Amino acid sequence: MNLPNIKEARKRTDKKVEFLYDKYKIPDSVKDIGKGKKYLILTYGCQMNVHDSENISGIMKELKYTLTDDMEKADVIILNTCAIRENAHNKVMGILGRIKHLKEKNKDIITIIGGCMPQEESVSNTLKEKYKWVDIVLGTHNIYEIPKLLDNVMKEKKQDIEVYSVEGDVIEGLPVKRDSKYKAWVNIQYGCDKFCSYCIVPYTRGKQRSRKHEDILKEVESLRDNGYLEVTLLGQNVNAYGKDLEDNYTLAELLSDTAKTGIKRIRFVTSHPWDFTDEMIDVIAKYDNIMPYIHLPIQSGSDDILKKMNRKYNIKEYKTLFYKLKKKIPNVSITTDIIVGFPNESDEDFEKTIDIYNELKFDLAYTFIYSKREGTPAAKLKDDISLEVKEERLQRLNSIVNKYAKEANMKYLNKVVPDTIESL
Ligand code: SF4
């Protein structure tokens, strides 16, 4: 049993990351355990989790399980969880009640909880103390161990919690069962070292580890050869790609080399404004197969709040980057994320967010009320702003988000543009 520890997860060491190509193995004893059996997987949160679920499904497929979307028919129920907001946390805790009920009728059902939630000390402790019937608890760093953990739990018939606080190495060669035949997620890095004060990700996903560009390009070429039309290069802060590697290879070079593979469409998420270089902008502008779409979270229009968020840029710097992107990349579409109600956000701070939105007129924004995450620096801030005020601010912001989103969409009225449509 391994329980997570937030102090350990916060540490950053100089330990060199290894690239492991044969760490994932299926023990002979579980080779066919899924024959005639079904699994269900529920995924919460960001694209990283969506892609992790594709890897988990790849493993389940190799173990001969087939996918079901009916919980009543599942022999294995997997929850791939998210720790970013309380909402996602509550949904998972709610669904556990339903699974417990099913398990009371059929004790052979195996329940697996993975993803970011178990990386939180308090969650793993609660699962250990109060949810002993949950069979396997794993974190974001050891998806590759699922076959071994299933083997153990079937032999031992008791709860196994294996959540590592420290991230370890880059594991290559995991199987993947992709949700789409045409669009693919491709991880280019794991973890994050930015430590925005409200964010739990640097603790749940560990330090930044970039994949080798040779491995990424090989994956893109194989996707292209198998008929995929679009890849999205994925990471918590893709612009910092390569900073942890020794070869000085950057995201600009990766985008350029990915474009040269000839795959039809390339996207990348998510970009932190801090690491956006001029070389990247030039490469995006140069290649037609790199989509002119940039998701660039601003989070707030107030420099004071940005400082408290530890975002490492101010509004003037953000605007400079925004206008440079607009000028250099024809027809670029820019979307953003905004948090309202960060602790003690004043009326004046919020008005600055409204003002910057009215000035920059984003194509779309994902807006949220601040959600306190235990263990983060922002969780220690006292907050005097009522939920009612925060909700009013969110509504007001959303009305201007919708107004500019409609304007952005209307630009395409009566125009014919290429697109990829996939029937389900
Ligand atoms: S850049 Fe900031 S918000 Fe994004 S994952 Fe890293 S710490 Fe979290």
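In this predicted model, helix α12 makes a handy starting point, since its length can be checked with simple arithmetic. The helix runs over residues 347-360, and at 1.5 Å a residue its 14 residues should span 20 Å; the C-alpha atoms at its two ends are indeed 20 Å apart, so expectation and model agree.

Which residues of α12 are buried? They are Asp 349, Phe 350, Thr 353, Ile 354, Ile 356, Tyr 357 and Leu 360. Looking down the helix axis, these buried residues sit within an arc of 165°, so they line one face of α12. On the other side of the helix, Asp 347 and Glu 348 are exposed. As for what the buried residues pack against, the list holds three helices, α10 (303-308), α11 (315-328) and α13 (387-410), along with two strands, β15 (333-340) and β16 (364-369). Right after α12 comes Lys 361, with a positive phi near 45°.

Two asparagines also have a positive phi. Asn 310, which is not a glycine, has a phi of about 60°, and its place is the loop between α10 and α11, two of the helices that the buried residues of α12 pack against. With a relative accessibility of 30%, Asn 310 counts as partly exposed, because that class covers values between 20% and 50%. Asn 414, again not a glycine, has a positive phi of about 65°. This residue lies in the segment after α13. Its relative accessibility is 76%, so Asn 414 counts as exposed, the cut-off being over 50%.

Another backbone detail turns up at Thr 270. The peptide bond leading from Val 269 to Thr 270 is cis, and its omega is near -5°. Thr 270 belongs to the loop between β13 (265-269) and α9 (278-286).

Then there is Arg 211, which sits in the loop between β11 (209-210) and α7 (213-225). Is this arginine buried or exposed? Its relative accessibility is 6%, and anything under 20% is called buried, so Arg 211 counts as buried. Leaving out residues up to four places away in sequence, Arg 211 touches Phe 19, Val 170, Glu 172, Tyr 241 and Leu 245, among others. Its contacts also include a run of neighbours in the chain, namely Val 186, Asn 187, Ile 188, Gln 189 and Tyr 190, and from α7 (213-225) there are Ile 216 and Glu 219. With one of these partners, Glu 172, the side chain of Arg 211 makes a polar contact of 2.9 Å. The fold also brings in distant parts of the chain: Arg 211 and Val 17 are 194 residues apart in sequence, yet their C-alpha atoms are 10.0 Å apart in space.

Zooming out, the protein has 13 helices and 16 strands. Its radius of gyration is 22 Å, close to the 22 Å that the globule rule gives for 424 residues, so the protein is as compact as a globular protein of that length. Along the principal axes, the C-alpha atoms fill a box of roughly 60 × 55 × 50 Å. Buried residues account for 53% of the 424 residues. Among contacts between residues at least 6 apart in sequence, 81% join residues at least 24 apart. What is left on the outside comes to about 20,600 Å² of exposed area, with carbon and sulfur atoms supplying 50% of it.

Technical notes: Residues are numbered from 1 along each chain as its sequence is written. This is a predicted model: local features need pLDDT of at least 70, side-chain atom pairs count only at pLDDT 80 or more; totals for chains, interfaces and linings use all residues. Side-chain values use heavy atoms; hydrogens and water are left out. Helices (H or I, at least four residues) and strands (E, at least two) are DSSP runs, numbered from the N terminus. The expected span of a helix is 1.5 Å times one less than its number of residues. Buried means under 20% relative accessible area, exposed over 50%, partly exposed in between (1.4 Å probe, protein chains only). The arc is that of the directions from the helix axis to the C-beta atoms. Contact means heavy atoms within 4.5 Å. A polar contact is a pair of N or O atoms within 3.5 Å; within protein, one must be able to donate a hydrogen and the other to accept it, and residues adjacent in sequence count only if both atoms are side-chain atoms. The radius of gyration is taken over C-alpha atoms; the globule rule is 2.2 Å times the number of residues to the power 0.38. Accessible areas come from the Shrake-Rupley method with a 1.4 Å probe; for residues, only the protein chains shown count as cover.
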